[in-house]
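Dear colleague,

Here is the structure I promised to pass on to you. My notes on it follow below, and I would be glad if you read them with the model open.

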Amino acid sequence: RSLPSVETLGSTDVIASDKTGTLTINQMTVEKLWTPDGHELDVTLAPEDGSGLSEIQRRSLRTGALSNEAEHRAGTDSESGLVGDAVDVAMAAAGLRTGAVSDEERAAGPVAANPYESVKKFSQAVFCEGEVHVMHVKGAPETILGFCSTMADPDGPVALDEATVKEANLELGSHGLRVIATASAEVPAPE
């Protein structure tokens, strides 16, 4: 059997990897949260009771936690007890740890969902939240931008500023972070 990749390693002096932790401990962590109001949150230091989160930060963490397929499973090695795709587990764990979403909300499940597909570069889920249905979407920033005409602001939705969002995407990416965008909107009840 020919193993060209392994044979090439014999002459390699340096191997570089990303900073996600997926190679060393098979676990990703949500580290930073940028919101259009210009704030950047170190999610790893956010209080577990959700105090100190702005409404925009809470909604973004909530959307990340609800638009995925991570599941609770007893006996897992993961600190959160979640299993699934590394991005889904990281985003669900961040939402749960910060109080942006509860175990009960996640366990209730969506009324409709489309899982992440690499061709489409996004996932979505519709949840019944009180009297309204809310679609939660996460994925590649360039894909999510294509769905949006507005962005969150403390005073309510404002016109989408693509340049600002793209600049933040490049800045976070330049620090070796994998950037995932979130969006949510009220929608009619699925049929």
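How many bridges join β5 to strand β6, and which way do the two run? Four bridges join them, and the strands run antiparallel, with β6 covering residues 122–129; one of the partnerships is that of Ala112 with Val126 in β6. Two strands are taken to pair if DSSP finds at least two bridges between them, and the elements themselves are DSSP runs numbered from the N terminus, namely helices (H or I, at least four residues) and strands (E, at least two).

Before going further, please note that this is a predicted model, in which local features need pLDDT of at least 70 and side-chain atom pairs count only at pLDDT 80 or more, whereas totals for chains, interfaces and linings use all residues. Residues are numbered from 1 along each chain as its sequence is written, and side-chain values use heavy atoms, with hydrogens and water left out.

The two strands belong to an open sheet of four, in the order β5-β6-β7-β10, with antiparallel pairing. Its edge strands, each pairing on one side only, are β5 (112–117) and β10 (181–187).

Strand β6 also contributes to the one aromatic pair that was counted (ring centres within 6.5 Å; planes under 30 degrees apart are stacked, over 60 edge-to-face, the rest tilted). The rings of Phe122 and Phe147 have centres 4.9 Å apart and planes at 80 degrees, so the pair is edge-to-face. This pair links distant parts of the chain, since Phe122 lies in β6 and Phe147 in helix α5 (residues 141–147), 25 residues apart. Phe122 is buried at 14% relative accessible area, while Phe147, at 48%, is partly exposed (buried means under 20%, exposed over 50%, partly exposed in between, with a 1.4 Å probe and protein chains only).

As for nonpolar cores (sets of buried Ala, Val, Leu, Ile, Met, Phe, Trp, Tyr and Cys residues joined through side-chain atoms within 4.5 Å), the largest has 13 residues, of which Val30, Leu33, Leu41, Val43, Leu61 and Ala94 touch the most other members. Helix α3 (residues 86–97) supplies the largest share of this core, four residues. Apart from it lies another core, of five residues, among them Ala65, Leu66, Ala125 and Phe127.

Finally, Val158 in strand β9 (residues 158–159) is partly exposed at 32%, and its C-alpha lies 9.7 Å from that of Pro36, although the two are 122 residues apart in sequence.

With best wishes

Terms used. Rings of Phe, Tyr and Trp (its six-membered ring) pair if their centres lie within 6.5 Å; planes under 30 degrees apart count as stacked, over 60 as edge-to-face and the rest as tilted.
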